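Here are my notes on the model, as numbered points. Please read them with the structure open.

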Amino acid sequence: MKGFQEGTLDTMILRLCDTISEFDKEWITKCIPATEEQIQRLEDIFKKYHRTIPTAYLYYLKAMGQNDNGLLEDEWVTKQLQ
């Protein structure tokens, strides 16, 4: 097992996917990126408050913003329903 690799922000999602794929080869195939329209709507909301989407979150959205196959969403949903 390689473990989590060190690197820069621009390779964060690739490194994350590589690490998770060691445990679950199919995981990344079930992830669905956010659409450009969805990202644009979020950027427009941020602009109203003179803010920008954090770069790490933007990478996440582009890779798995609609469905992260349980990486974050299952935990968040579970906590919201408790």
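1. Helices here are DSSP runs of at least four residues, numbered from the N terminus. The model is a predicted one, and the points below should be read with that in mind.

2. Met12 belongs to helix H1, which covers residues 12-21. Is Met12 buried or exposed? Neither label fits: its relative accessibility is 22%, and because buried means under 20% and exposed over 50%, Met12 counts as partly exposed.

3. Which residues does Met12 touch beyond its neighbours within four places in sequence? Met12 is in contact with Ala56 and Tyr59. Ala56 is 44 residues from Met12 along the chain, yet the C-alpha atoms of the two are separated by 7.9 Å.

4. Helix H2 runs over residues 36-48, a total of 13 residues. From the first C-alpha to the last, H2 reaches 18 Å, close to the 18 Å expected at 1.5 Å a residue. Just after H2 comes His50, with a positive phi of about 55°.

5. How many disulfides does a search of the whole structure find? The search finds zero. Cys17 is in no disulfide, and the nearest cysteine sulfur to its own is that of Cys31, 6.3 Å away. Cys31 is likewise in no disulfide, its nearest cysteine sulfur being that of Cys17. A disulfide needs the two sulfur atoms within 2.5 Å, so the 6.3 Å between Cys17 and Cys31 does not qualify.

6. Both cysteines of that pair count as buried. The cut-off is under 20% relative accessible area; Cys17 has 11% relative accessibility and therefore counts as buried, and Cys31, at 10%, counts as buried too.

7. The count of aromatic pairs comes to one. The pair consists of Tyr57 and Tyr60, and it is stacked, with 5.7 Å centre to centre and 15° between the planes. The label follows because planes under 30 degrees apart count as stacked.

8. Where do the two tyrosines sit? Tyr57 and Tyr60 both lie in helix H3, residues 55-64, and are three residues apart, about one turn of the helix. An α-helix has 3.6 residues a turn, so residues three or four places apart point the same way.

9. The accessibility labels of the two tyrosines are as follows. Tyr57 has a relative accessible area of 38% and is partly exposed. Tyr60 is at 14% relative accessibility, so Tyr60 counts as buried.

Notes
Residues are numbered from 1 along each chain as its sequence is written. This is a predicted model: local features need pLDDT of at least 70, side-chain atom pairs count only at pLDDT 80 or more; totals for chains, interfaces and linings use all residues. Side-chain values use heavy atoms; hydrogens and water are left out. Buried means under 20% relative accessible area, exposed over 50%, partly exposed in between (1.4 Å probe, protein chains only). Contact means heavy atoms within 4.5 Å. The expected span of a helix is 1.5 Å times one less than its number of residues. Rings of Phe, Tyr and Trp (its six-membered ring) pair if their centres lie within 6.5 Å; planes under 30 degrees apart count as stacked, over 60 as edge-to-face and the rest as tilted.
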